Amino acid sequence: MSDEPQIRILLAKLGLDGHDRGLKVVARILRDAGMEVIYLGLRQTTDSIVAAAEQEDADAIGLSMHNAGHMTLAPAMVKAVNDAELDCPVIVGGIVPDQDVQPLLDAGVAVVLGPGASAEEVAQSVRDAVAAVNS
Amino acid sequence: MAAKRSIRELYVAARSGERRALGRLLTAVERGGPAADEISELAHPDSGTAHIVGITGSPGAGKSTLVGQLVSDLVAAGKKPAVLAVDPSSPLTGGAILGDRIRIEDGESEAFIRSMATRGHSGGLALAVPLAVRVFDAAGYDPVIIETVGVGQVEVDVVGAADTAVVVMTPGMGDAVQANKAGLLEVADVFVVNKADRPGANDVRRDLDLMLDLSHMTGQESETGYRPPIVMASALHGDGSADVWGAVEAHLAHLDDTGLRDGRRKHRMRTEVKARLEQAMSAAADQAMDSTVGAEWLDRAERADIAPTRATNELLALLLNTDLSNIDMQRNQELS
Amino acid sequence: MSGVPVEPIYGPGPYPGEYPYTRGVYPSMYRSRLWTMRMFAGFGTAEDTNARFKDILRNGGTGLSTAFDMPTLMGRDSDSPWALGEVGRAGVAIDTLADMEDLFADIDLSGVSTSMTINGPAAIILAMYVAVAEKNGISPDQLAGTIQNDIFKEYQAQKEYIYPPRPSVRILTDMIEYTSEQMPRFHPVSISGYHIREAGSTAAQELAFTLANGFAYVEAATAAGVDVDEFAGRLSFFFNSHNDFFEEIGKFRAARRIWARWMKERYGATSERSMLCRFHTQTAGVSLTAQQPEINIARVAIQALAGALGGTQSLHTDSFDEALALPTEKAARIALRTQQIVAHETGVANVADPLGGSDYVEWMTDEMERQAEAIFAHLDELGHGSILEGVYEGIENGYFVGEIADSAYRFEREVNNGNRIIVGVNAFTDGDDGQKDLLRIEAEVEEYQRKRLDDVKLARNDDDVARTLAAVTAAAQDATANVMPAILDAVKAYATLEEVVMAMETEFGTYVEKAII
């Protein structure tokens, strides 16, 4: 256990997409990396995620997207976070084709994790995204 | 990015209803240290009225579902409930998955739900939980529900410190026996047999009744005439949450009628101050051991010059004559 | 190749077609009839999919397979806020009977077999199908096909549920009753392990959970008064074919043996059809890698071979580019060609169960059965002697999702620490030249579909809609009623999918999953 303040990350599935295998694996990976994971699970809305992020004082929001809805839903999440004035980076994983990565980053998504990212890469990208906001 | 606000600014904002500020304060509470002490000083005069309800039971007993029901009922009744859900951290990594967050369907709901990890040390929890409760209270939340998982010592301590302690059980898990071993039966004010539509629910009820009969001579019943009720519920099907809350409020009325609520408050204050004292003493002991004088006494004990009891007594005498918040062993070196 | 004549079967009995059917459900298997090459497809509007259906029929196909989009699968209309970004993306969008009419326009429904992959709102979609047929003068008893309608695996793995388990099973038994009486050629449930495996289970868990769900449906239907031999013969299964070749073959063989035994011994089935575990197989989508996507063709070929050696009745082969998007036409064609190679070039179809009698394969079959039986015993205990109650309990207490999440995590760790090699991911990673030619679905579908829904709502008689929806609620409230006739009336009045869903939701409530990680 380090002296660094523990990272609290909120994980959620936004919208109707029910593929939660990857998100559950990531929850365990981040726990094993020493983080506190608030797992919201399925069928969340941008409102419900923002409300939870406020109450839990989350350092980051992680979304997993498998239904090709990421170009609509991820920017909507970023906007909701900004509207609520939360200093909370939005991290997107799941199925995102290469060509969509830059547009998502341009829309304010902090990190896009591709398929095949190792456990270390996942944990480090969360730490980096949180550090970037707090610096 | 919003500018960093002081603890006092956050406190004022939280009192005026800003949930983001309350969220921040609770993080400071969890981290402890001077910021948490400042919050304690601020919140103390503004708190003391909320009804504190502890709810525990073994994993899978359906607590979260029940608490979710209670929270919806309370919000519908115009109340402003807060929930502090305590989950265990991994002892290996310090990480935790707080996966049982109650879902509040309406984003504008009056309820406030906060998850807290045990972070591997029950001492930290013993300080953080009462302070978090005080902050909720000061921010206008009432009741404040503390939910813990499991039937270990931590749960007994946390739940036992509430005004009303609720223990949730289910058929077929040997819960009654477990709870008895853990000492939960002594602190429980309301029992809930959840999943009461399952086979074996009546067996649990009978076991509980029997154990309450046995503890008749020593338990609270003999002193005050209060016998903890056993409420049958089926939270998953939305049945029984009204009965559970009815029993919780009846218990509060009993505390008020008998003047016992003050006793609970005193007990809580005593427990909290003692926990703080223990933590301070423990920190002082660590410091003493790491100091030059500590090393010398340890060295002498190792060389069989003196017994470890003597070394301990010498260091204790030293500590008790010192300002605990600022021990400087170097200055007292000549004492050895 | 050398032309040496081969016998239809080698090795020990009981032979294929003989109880307990370990070696196959039919005596001569593929020698008399190859497996059906059923490729699942569909996206966009009902008109787009209708064009594709007609294309299939023109080319001699007799089976139509329908994929629905996510809002439809969840019982939401295209104008719901939940549907944002999802309309027409993963399948066709159906809001009202008007869309169903477009979907099957100018197709003779008495002459085709239609497979519909939908679960939560299956009753409403089935009612729409019946209504379209009736409008064209075709009675329900002429309709052939399958509706997936396997609600238990939704709570366990795929997560496309609407109501809590018990009301959902009430609807399902109503559908079994209705189809038993009105639609004898229609398969009311396809019990699916595929999604359980995709969610991360092991082969043995896939086998056990799927068959347990099957037992549970049998118990539910017989408890509702339907004779086991009335419907069990119309149940079919759907399995995954993953990378571990012999384990998969053992799983398929064990599935047949277990189903036959349980149906005969525990549920007292007497008709042979009730004991036959006939199944569809799809190669493992989750095994496809985004890295070096072309090498997925080799994976799919080997998985398809396992399906054939395991005695599947039909097969879908995944396209190599599916790790990232819906398949392009070229990738889908290569996938079909892959199973055609297995069927026509390798010779595996010449002999039934060619691996039967191999010590290893027989051991693996026994081992799969042993592991599955241990899980059945656990569920039986959870349910105090009822598999149905055990499955309910396992859903409510998180047993299934917990077991699946544990297996998924174990797998991921093995990949992460290198104990499990995935070619192109954690070994042999040279040569990944990026992604190209992905199929993109345009957002215009969403607008078009919303407009269409508005038009239908304007044209319909609102009084009829209100009256028929009230009747749906009333039927839901009456445990002795069958919901199907009321739903049929409502969809005929052009009530929307979501309106009918809500009419029952007032009585049945919604299901919110307890998060188990």
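**Notebook: chains B and C, and some salt bridges**

I started where chain B meets chain C: 9 residues of chain B and 7 residues of chain C make up the contact. A reminder to myself before going on: this is a predicted model.

How much area do chain B and chain C bury between them? I noted about 790 Å², with 54% of it on carbon and sulfur atoms. The size of an interface is often given in this way, as the accessible area lost when the parts come together.

Next I looked for charged pairs across this interface, and the rule finds 2 salt bridges between chain B and chain C. On the chain B side that touches chain C, I sorted the residues into 4 charged, 3 nonpolar and 2 polar. One of the salt bridges I wrote down pairs B:Arg198 with C:Glu393, and their closest N and O atoms are 2.2 Å apart. I also looked up polar contacts, and the count between chain B and chain C is 2 residue pairs, both at pLDDT 80 or more.

**Chain B by itself**

I then turned to chain B as a whole. Chain B has 336 residues, and 49% of them count as buried. I found 14 helices and 8 strands in chain B. Chain B exposes about 15700 Å², and 53% of that comes from carbon and sulfur atoms.

How do the contacts in chain B spread along the sequence? Taking contacts between residues at least 6 apart in sequence, I noted that 73% join residues at least 24 apart.

**Salt bridges, chain by chain**

Side chains of opposite charge can pair when their charged atoms come close. I searched the whole structure for such pairs and got 64 salt bridges over all chains. I picked a few to follow up.

My first pick was B:Glu272 with B:Arg134, where the closest N and O atoms are 2.3 Å apart. This pair links distant parts of the chain, 138 residues apart: B:Glu272 belongs to helix H12 (residues 260–290) of chain B and B:Arg134 to helix H5 (residues 122–138) of chain B. Are these two buried or exposed? I have both B:Glu272 and B:Arg134 down as buried.

My next pick was B:Asp163 with B:Arg261, a salt bridge with its closest N and O atoms 3.6 Å apart. B:Asp163 sits in the loop between helix H6 (153–160) and strand S6 (164–169) of chain B, and B:Arg261 is in helix H12 of chain B, so the pair ties together parts 98 residues apart in sequence. I noted B:Asp163 and B:Arg261 as buried too.

In chain C, I looked up C:Lys159 and C:Glu513, which form a salt bridge with the closest N and O atoms 2.8 Å apart. C:Lys159 is in the loop between helix H5 (152–158) and helix H6 (165–182) of chain C, while C:Glu513 is in the segment after helix H20 (497–508) of chain C, 354 residues apart. Both C:Lys159 and C:Glu513 are buried.

I also came across a network of salt bridges that links A:Arg8, A:Glu36, A:Glu56, B:Glu30 and B:Arg114.

**One last residue**

I finished with C:Arg253, which lies in helix H10 (residues 245–266) of chain C. Why does C:Arg253 count as buried? Its relative accessibility is 0%, so C:Arg253 falls under the 20% cut-off. Setting aside neighbours within four places in sequence, I listed what C:Arg253 is in contact with, including C:Thr22, C:Arg23, C:Asp353 and C:Glu362.

Methods: Residues numbered from 1 in each chain as written. Chains lettered and ligands numbered in written order. Predicted model: local features only at pLDDT ≥ 70, side-chain atom pairs only at ≥ 80, totals over all residues. Heavy atoms only, no water. Contact = heavy atoms within 4.5 Å. Buried area = accessible area lost by both parts, 1.4 Å probe. Salt bridge = Lys/Arg side-chain N within 4 Å of Asp/Glu carboxyl O. Polar contact = N/O pair within 3.5 Å; in protein donor to acceptor, adjacent residues only side chain to side chain. Nonpolar A, V, L, I, M, F, W, Y, C, P; charged D, E, K, R; others polar. Helix = DSSP H or I, 4+ residues; strand = E, 2+ residues; numbered from the N terminus. Buried < 20%, exposed > 50% of the residue type's maximum accessible area, 1.4 Å probe, protein only. Areas by Shrake-Rupley, 256 points an atom, 1.4 Å probe, with all protein chains shown as cover.
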